[in-house]
Amino acid sequence: MNKRFINWSQQRWRKDWRHRGWLGVTLILLFFASAGVAQSLQKVTYLYNSGFLIETANEIILIDYIPADKLLLDSILLHKLKKATESNKRAYILVTHEHSDHFYEPLLQWHHKINGLTTILGWDYPTTDKSILKVFNRDSITIGSFKLIAHPSTDAGSGFLINVDNITFYHAGDHAAWAEDFTAKFTDEIKFIKRVAKEINMVFIPIVRGKLGACKSTESITNGAMLTLQILNPDMVFPMHLQCDDLTPYKTFGKQVKQRFSSIITKIPLSNNYPFTF
């Protein structure tokens, strides 16, 4: 990638930023107050496919980030996380599973560059680096005010339920009703999330197949997404897992949600690297 393009990409990004152990443990009930949420949540940025950067008053969380083919944001994100920790924010990198459209291995070195960065993986990744934490099955971890509960995905790795800064959100990873025979397992895990989370502010859920599946939805995937919203009843939903340039499936999903759940707000990105402010 030539230097001129990298500089243009960084300028474009900065402009956007300016404008825009469970086993044996008692169930953890995660509470929130709407006023606290409004004060705590500052920005959510869609980073292609299932990647998001979530910024609250005291934390910054990068989850399932991989570079889009046309835009490499590593240096910008690294700088942003480093700047956050220097401002006494707590920084986290989360990866739900090992698939290449969710797992960007260079991220595992970032804790050597950023003091206080916590890295959490949702599967048993083989490493001797004790700074890299692994939470999967139905295990949980608490780091100060940060609480994470994992659950097994219908595909690989985990889905994550996270409570931080009075905000509770659920990132499904690759947990979806990919086919009809996944429905029972899929539903069991969503009901598990409902049992341990009293209320959920945001959910991030896959609504289409990946690039190999031509970025298409199916009746089974859509039904599973709608069932997730019915059971969890979040304030907001962020559709994800779209790796194609045409973002129409996100808009179609938003219309479907509006028809069935008038109280749930769908946050639809208009482009990759799209920031939502609160």
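For the cavity lining below, Ala, Val, Leu, Ile, Met, Phe, Trp, Tyr, Cys and Pro count as nonpolar, Asp, Glu, Lys and Arg as charged, and the others, Gly among them, as polar. This is a predicted model, so local features need pLDDT of at least 70 and side-chain atom pairs pLDDT 80 or more, while totals for chains, interfaces and linings use all residues. Numbering runs from 1 along each chain as its sequence is written, and side-chain values use heavy atoms, with hydrogens and water left out.

**Largest cavity**
- The largest cavity (points on a 1 Å grid over the protein atoms alone where a 1.4 Å probe fits but cannot get out; lining residues have an atom within 4 Å of a point) holds about 50 Å³ of space.
- Its lining splits into ten nonpolar, three polar and no charged residues.
- Of the 13 lining residues, His175, Phe186, Pro206, Ala225 and Thr228 sit nearest the centre.
- H5 gives the most to this lining, with four residues.

**Nonpolar cores**
- The largest nonpolar core (buried Ala, Val, Leu, Ile, Met, Phe, Trp, Tyr and Cys joined through side-chain atoms within 4.5 Å) has 57 residues, and Leu94, Met202, Ile205 and Leu229 have the most contacts inside it.
- Apart from that one lies another core, of 28 residues, including Tyr48 and Ile66.

**Aspartate 64**
- Asp64 is in the loop between strand E3 (59-63) and helix H3 (74-86).
- Asp64 counts as buried because its relative accessibility is 0% (buried means under 20% relative accessible area, exposed over 50%, partly exposed in between; 1.4 Å probe, protein chains only).

Key. On a 1 Å grid over the protein atoms alone, a cavity is a set of points where a 1.4 Å probe fits but cannot get out, and a pocket is an open set with protein on both sides within 12 Å along at least five of seven lines; lining residues have an atom within 4 Å of a point. Grid points are joined across faces, edges and corners, and a volume is the space filled by probe spheres set on the points. Helices (H or I, at least four residues) and strands (E, at least two) are DSSP runs, numbered from the N terminus.
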